[in-house]
Amino acid sequence: MYPLVSVLVVSYNVRDYLLQAIDSIKKSTYDGPIEIIIIDNDSFDGTHLSLLKKHSDVTFIRNK
């Protein structure tokens, strides 16, 4: 069994780049479990709603 891989991304108003990055991670050839954690620094570009729609399995931490 593969080890768990955790991907941690800190973001601020980079919704489109973030969605592309998550898509790329999920398309990787790695067969083991991948945990994706996004820490957002109070973006106002709709990052949170976009992630809920497209990647509801991603852990999202919202800083103020």
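User: Quick one to start. Which strand is Ser11 found in?
Analyst: Ser11 is in strand β1. Keep in mind that this is a predicted model.

User: Buried or exposed, that Ser11?
Analyst: Buried. Its relative accessibility is 3%, and the cut-off for buried is under 20%, so Ser11 qualifies.

User: Which side chain does Ser11 make a polar contact with?
Analyst: Asp40. The two side chains are joined by a polar contact of 2.9 Å.

User: And what else does Ser11 touch, leaving out residues up to four places away in sequence?
Analyst: Leu18, Ile38, Ile39, Asp40, Asn41 and Ser43.

User: OK, zoom out. What is the strand order in the sheet?
Analyst: The order is β1-β2-β3. The sheet is open, has 3 strands and pairs in parallel.

User: Which strands are at the edges?
Analyst: β1, residues 5-11, and β3, residues 59-63. Each of them pairs on one side only.

User: What about the twist?
Analyst: From one strand to the next, the twist averages 15°.

User: How many bridges between β1 and β2?
Analyst: There are 7 bridges, in the parallel sense. Strand β2 covers residues 34-41. For a register point, take Val7: Ile36 in β2 stands opposite.

User: Now helices. Which strands does α1 lie across?
Analyst: Helix α1, residues 15-26, lies across β1 and β2. Its direction is at about 170° to β2.

User: And α2, where does that lie?
Analyst: Across β2 and β3. Helix α2 spans residues 47-54 and runs at about 170° to β3.

User: Which residues of α2 are buried?
Analyst: Thr47, Ser50 and Leu51. They sit on the same side of α2, because they cover an arc of only 100° around the axis.

User: Why would residues spaced like that point the same way?
Analyst: An α-helix has 3.6 residues a turn, so residues three or four places apart point the same way.

User: What's on the other side of α2?
Analyst: Leu49 and Lys53, and both are exposed there.

User: What do the buried residues of α2 pack against?
Analyst: They pack against α1, β2 and β3.

User: Switching to the core. Which residues make up the largest nonpolar one?
Analyst: It has 8 residues: Leu18, Leu19, Ile22, Ile25, Ile36, Ile38, Leu51 and Val58.

User: Where does the largest share of that core come from?
Analyst: From α1, with 4 residues. Both α1 and β2 supply at least two residues each.

User: Why would such side chains be grouped inside?
Analyst: In soluble globular proteins, nonpolar side chains tend to be buried together.

User: Pick one core member, Ile25. What does it touch beyond four places in sequence?
Analyst: Ile25 touches Val7, Ile34 and Ile36. Two names there we've met already: Val7 and Ile36 stand opposite each other across β1 and β2.

User: Backbone check. What is phi at Asn13?
Analyst: Asn13 has a positive phi of about 55°, and it is not a glycine. Asn13 lies in the loop between β1 and α1. At 22% relative accessibility, the residue is partly exposed.

User: What about phi at Asp42?
Analyst: Positive as well, at about 65°, and Asp42 is not a glycine either. Asp42 is in the loop between β2 and α2. Its relative accessible area is 40%, so it counts as partly exposed.

User: How far is Arg62 from Asp42 in space?
Analyst: Their C-alpha atoms are separated by 6.4 Å, while the residues are 20 apart along the chain.

User: Where is Arg62 found, and what does it touch outside its sequence neighbourhood?
Analyst: Arg62 is in strand β3. Not counting residues up to four places away, Arg62 touches Asp40, Ser43 and His48. Asp40 and Ser43 are also touched by Ser11. Arg62 itself is partly exposed, with a relative accessible area of 47%.

User: Last one. Where is Tyr30?
Analyst: In the loop between α1 and β2. Tyr30 is partly exposed at 27% relative accessibility.

User: And how far apart are Tyr30 and Val5 in space?
Analyst: 9.4 Å, C-alpha to C-alpha, with their positions 25 residues apart in sequence terms.

Notes: Residues are numbered from 1 along each chain as its sequence is written. This is a predicted model: local features need pLDDT of at least 70, side-chain atom pairs count only at pLDDT 80 or more; totals for chains, interfaces and linings use all residues. Side-chain values use heavy atoms; hydrogens and water are left out. Two strands pair if DSSP finds at least two bridges between them. Axes are lines fitted to C-alpha atoms, for helices over the stretch in contact, and angles run from 0 to 180 degrees between N-to-C directions. Contact means heavy atoms within 4.5 Å. Buried means under 20% relative accessible area, exposed over 50%, partly exposed in between (1.4 Å probe, protein chains only). A polar contact is a pair of N or O atoms within 3.5 Å; within protein, one must be able to donate a hydrogen and the other to accept it, and residues adjacent in sequence count only if both atoms are side-chain atoms. A nonpolar core is a set of buried Ala, Val, Leu, Ile, Met, Phe, Trp, Tyr and Cys residues joined through side-chain atoms within 4.5 Å. The arc is that of the directions from the helix axis to the C-beta atoms.
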